[in-house]
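I opened this model with a cup of tea and a list of things to look up. Here are my notes, in the order in which I went through them.

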Amino acid sequence: MKWIRVGMACAVLGFAIVACSPDDDDGVREQNWRFGLEEIEGSVQHEYAVRFGEIVEDLSEGRITVQNFPYGQLGGLTDIYEQVQDGDIQLGFGSGFLGGTVTESQIMSLHFIWSESEEINNEVLNSEAFLESDALIDSYRAADLHPIAMVPEGWQVWSANKEIRTPGDMEGVRIRVMDNRILNRQKRAYGADPTAIEYGELYSALQLGIADAAVQPVFAHQEMGFYEVQDYLINPRHLPFLASVMANAEWYDGLSDEARDILHQARKQLVDEIHEVQQAFNAQRLEEMLYDIEYTELTSEERQAFIELAIPVRDFFVSETGERGEALMNIILEEVERLEGEQDG
Ligand code: 6CS
């Protein structure tokens, strides 16, 4: 990956002078925000960043530009997080691999605490109760980061070379996971043999049999070509793929009120817009893969067997992430219950 890092350093330095100009109380100065993505062009994160840039540029009357760095340009996943922490880039996405940097962010990896309604999950994650909770903010701040938004990208779906409908089918399956302790524990609870592999290395790992199975949102199975080396897609509706948008904390604190307001206006506008985008991407890409792969959804009864094995992992999550993690989990459980109650009633 050496060539990637050299290219990335040049690209970043080229914009450093403009991006480092501080804001002041007179308003927004000309500036460039650099945004690191965990996904390639054409992905949900890429679409988010492009739209975010358009909205920010529009609201600032062209004074703020946003420069995206799709996956691969900044090195591996943890390289992106480090560059946001160090202030080399101002903004970045952080999902499963972020667990090693922000322990509590593994809430994004906890199975079966979510609603089966994707709209409810989107609302809960972007609610004031969750997004502006001390638990979330303090967790990211402890790593010199500030949480800006949560982006659900669609249900995570298992891919494998056999149909997996029961924990028995999962027994011994070498499934690739993003590198965090909760995902690892959860897959072990189902009887699988999880293995952490970098996103960009997953295709060849599946092709060479280093991993037998994987888990991704539908659009990613398609755009990264994983479906070409797998026979089945199985949707257990256990977990939406979740990514956080995060900023360098010091940079965020140094923004003028006007610039910060623009950032949050863009963030708010994108909550519903990106939900529509991810739904469309996932539906279209599933359609494109169906000639080559079999897609199935677990029934409620089949899900139940996995739910029973997943529930004890909540205690492990709390033991790993402490009071802040527990608080985040409780907000989600309570808000999901409240919104599902309102929907039913
Ligand atoms: O599995 C991964 O590592 C990556 N998958 C997606 C869909 N987004 C980012 C993440 O790092």
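**Strand pairing**

I began with strand 3 (residues 91-94), which runs antiparallel to strand 9 and is joined to it by four bridges. Before going on, I noted that this is a predicted model, in which local features need pLDDT of at least 70 and side-chain atom pairs count only at pLDDT 80 or more, while totals for chains, interfaces and linings use all residues. I also noted that residues are numbered from 1 along each chain as its sequence is written, and that side-chain values use heavy atoms, with hydrogens and water left out.

My helices (H or I, at least four residues) and strands (E, at least two) are DSSP runs, numbered from the N terminus. Two strands pair if DSSP finds at least two bridges between them.

Which residue of strand 9 stands opposite G92? I found M246 there. Strand 4 (residues 145-160) is also antiparallel to strand 9, with eight bridges between them. There I picked out H146, whose bridge partner in strand 9 is A247.

Next I asked how many residues of strand 9 (residues 240-248) are buried. The count is nine of nine, so I wrote the cut-offs beside it: buried means under 20% relative accessible area, exposed over 50%, and partly exposed in between (1.4 Å probe, protein chains only).

**Ligand**

I then listed the residues around the ligand, taking a residue as near if one of its heavy atoms lies within 4 Å. F241 is on that list, together with E38, E39, L77, S95, R176, M178, Y199, Q216, P217 and A220.

For polar contacts I used pairs of N or O atoms within 3.5 Å; within protein, one must be able to donate a hydrogen and the other to accept it, and residues adjacent in sequence count only if both atoms are side-chain atoms. A ligand nitrogen is 2.7 Å from an N or O atom in the E39 side chain. A ligand oxygen lies 2.7 Å from a side-chain N or O atom of R176, and for Q216 I read 2.7 Å between a ligand oxygen and a side-chain N or O atom. Taken alone, the ligand exposes 300 Å², and the protein buries 100% of that (Shrake-Rupley method, 1.4 Å probe; for residues, only the protein chains shown count as cover).

L77 turned up again in helix 4 (residues 77-86), where the buried residues are L77, D79, I80, Y81, Q83 and V84. G87 follows helix 4 with a positive phi, near 80°.

**Positive phi outside glycine**

E61 has a positive phi of about 50° although it is not a glycine. I placed E61 in the loop between helix 3 (44-59) and strand 2 (64-69). Is E61 buried or exposed? It counts as exposed, at 68% relative accessibility.

R237 is not a glycine either, and its phi is near 50°. R237 sits in the loop between strand 8 (232-235) and strand 9, and at 14% relative accessibility it counts as buried.

**A bent helix**

Last, I checked helix 15 (residues 313-344). Its 32 residues have end C-alpha atoms only 28 Å apart, short of the 46 Å of a straight helix (1.5 Å times one less than the number of residues). Where is the kink in helix 15 centred? I found it at G322, with a bend of about 130° (the angle between axes fitted to the seven residues ending there and the seven starting there).
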